[in-house]
Amino acid sequence: TVGGVRAERNAPWTKERAWAWYDAQPWIRGCNYMPASCANRIDQWQELGSEERFAEMEREAALMSSIGLNAVRVILGDQGLSVWCAEHDGMMARFERMLGILDRHGIRTIVVLGNDCSRPKELWKMEQPGPQTCDVGYTAADDPVYGPRFFAMCEEFLTKYAHDRRILFWNLWNEPGNNNRCDISVPHIRRIFELAWRIDPDQPLTADVWSWDMGTDPASKNRAQYLSGQLSDIISYHSYANYESQISIIRRLKRHFARPLVNTEWLARINHCTVQECYPLFYAEKVGCTMWGFVAGKYQTYEPWESMWKEIEKGGGRDYDMTKWFHDLYRPSHRPYDPEEIRLIRKFNGLADRDFASPGRIAIVIDRKAPDATHFAAEELRKYLGLRFGGADVPIVNEPKDDVFSIVLTKSPRL
């Protein structure tokens, strides 16, 4: 602030502020999420079938919580825009309801706005709400009709949830420059960061680095990816590579950016990117991680990419392990794909909660038998402190022997 007036933001957070935010969080671990019954993201956000999906979400969020996951990454993109245009008020209400369900289970949300995983312009169309097939989404940001609507949608979500602790961070763009959009996406990346800076949310902003040099080379052909790395508060990256490559990527990103890291897309058993090897690595490096998928469903991300099959048909792909699921952690029955994965995830989540006690973590202790007014005051204080301390969770801990609430702070060094 200058003279009591908040200065307009025009750049990424300082590294010091980014680390202060990151150190105030528990170890971030979770999944990229759609309810298993969704064929695509129109299904995820539209009114048709929404009550059944909310019931499904309650079950799946409880399952996440039971193994210690604390974050989900959800994508709006073009399909979210389609529903926002057609069912605006209903979609905003459903998004709010989703946040409430996840929050009750101790899960915070990473919101992806733009998405460069897209089809060529001649194949692109804006899909509409209604019964959905299993097709995936496209892009609208550079369309003369839908582009302004897309950025209006981004502005509404950023403004409404700028100070909401249930939002963990804003993943402004998914895989910038993908599908040969390298230069095309540059103005969109700059525009969405400038929009978010103007709103200046409490949560950090990022856009993914995901291919080749991971946004570290200024001479890279993928200028959209390079720009994303330069503008991000924390570094969201994608890697479905094996253990050895994961180590190299983490080392490169830490040296180049010196900012907190979250691998927001990983888990590819066919590629030897496994829970058994990568999850302990992320824990040891204190790198946040959200695997792709949770419960196997209509989206079929347990299946290999089509490009893998084509490579095999040409005589390649000898290193792929096609006997395994690609993504996803649970079967439709909610039984684990591999019980050993779940045992290991629970183990390292427990270790993280013990070892990474965050500076500024706060517990409010209240009497279960206290009057409603006391409970209300504690809840309001919890919300205030959650915002005051960088959006950190402020859990309420019930202690029957106490008749007042108290604040407990813990500290631990950053690894």
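Which residue in β2 is the bridge partner of Cys31? In this predicted model, Val72 of β2 takes that place. The views below start from the sheet around this pair and then move to the helices.

**View 1. The open sheet and its strand order.** Eight strands form an open sheet in the order β5-β4-β3-β2-β1-β8-β7-β6, and the pairing is parallel. The edge strands, each pairing on one side only, are β5 (205–207) and β6 (235–238). From one strand to the next the twist averages 25°.

**View 2. Strand β1 between its two partners.** In the strand order, β1 stands between β2 and β8. The pairing of β1 (residues 29–32) with β8 (residues 288–292) is parallel and runs over 4 bridges. At this junction Asn32 stands opposite Trp292 in β8. The pairing of β1 with β2 is also in the parallel sense, over 3 bridges. Gly30 has Ala71 as its bridge partner in β2, and Cys31 has Val72.

**View 3. Strand β2, covered on both faces.** Of the 5 residues in β2, 5 are buried, so the strand is largely enclosed by the rest of the structure. Ala71, Arg73 and Ile75 lie on one side of β2, with Val72 and Val74 on the other, and all of them are buried. Besides its pairing with β1 over 3 bridges, β2 pairs with β3 in the parallel sense over 5 bridges. Val72 has Thr109 as its bridge partner in β3, while in the pairing with β1 Val72 is the partner of Cys31.

**View 4. Helix α4 and its surroundings.** Helix α4 (residues 77–86) has 8 of its 10 residues buried, so it is largely enclosed by the rest of the structure. The buried residues are Gly77, Asp78, Gln79, Gly80, Leu81, Ser82, Val83 and Trp84. These buried residues pack against two strands, β2 (71–75) and β3 (108–115), and against the helices α2 (41–45), α5 (88–104) and α6 (146–160).

**View 5. The crossing of α5 and α6.** Two packed helices are described by the angle between their axes and the distance between the axes. For α5 and α6 the angle is about 40° and the axes are 13 Å apart. This angle makes α5 oblique to α6. The crossing is right-handed. On the α5 side the contact is made by His88, Met91, Met92 and Phe95, which meet Glu156, Phe157 and Lys160 in α6. The contact residues divide into 4 nonpolar, 1 polar and 2 charged. An α-helix has 3.6 residues a turn, so residues three or four places apart point the same way. Both α5 and α6 are also among the elements against which the buried residues of α4 pack.

**View 6. Helices α10 and α12 side by side.** The axes of α10 (residues 275–285) and α12 (residues 339–355) come within 10 Å and cross at roughly 5°. The two helices are therefore roughly parallel to each other. From α10, Val275, Gln276, Tyr279, Pro280 and Tyr283 take part in the contact. Their counterparts in α12 are Glu340, Glu341, Leu344, Ile345, Phe348, Asn349, Leu351, Ala352 and Asp355. By class, the residues of the contact of α10 with α12 divide into 9 nonpolar, 2 polar and 3 charged.

Notes. Residues are numbered from 1 along each chain as its sequence is written. This is a predicted model: local features need pLDDT of at least 70, side-chain atom pairs count only at pLDDT 80 or more; totals for chains, interfaces and linings use all residues. Side-chain values use heavy atoms; hydrogens and water are left out. Buried means under 20% relative accessible area, exposed over 50%, partly exposed in between (1.4 Å probe, protein chains only). Contact means heavy atoms within 4.5 Å. Two strands pair if DSSP finds at least two bridges between them. Axes are lines fitted to C-alpha atoms, for helices over the stretch in contact, and angles run from 0 to 180 degrees between N-to-C directions. Angles under 35 degrees count as roughly parallel, over 145 as roughly antiparallel, 65 to 115 as roughly perpendicular and the rest as oblique. A crossing is left-handed if the near helix is turned anticlockwise from the far one by less than a right angle, and right-handed if clockwise. Ala, Val, Leu, Ile, Met, Phe, Trp, Tyr, Cys and Pro count as nonpolar, Asp, Glu, Lys and Arg as charged, and the others, Gly among them, as polar.
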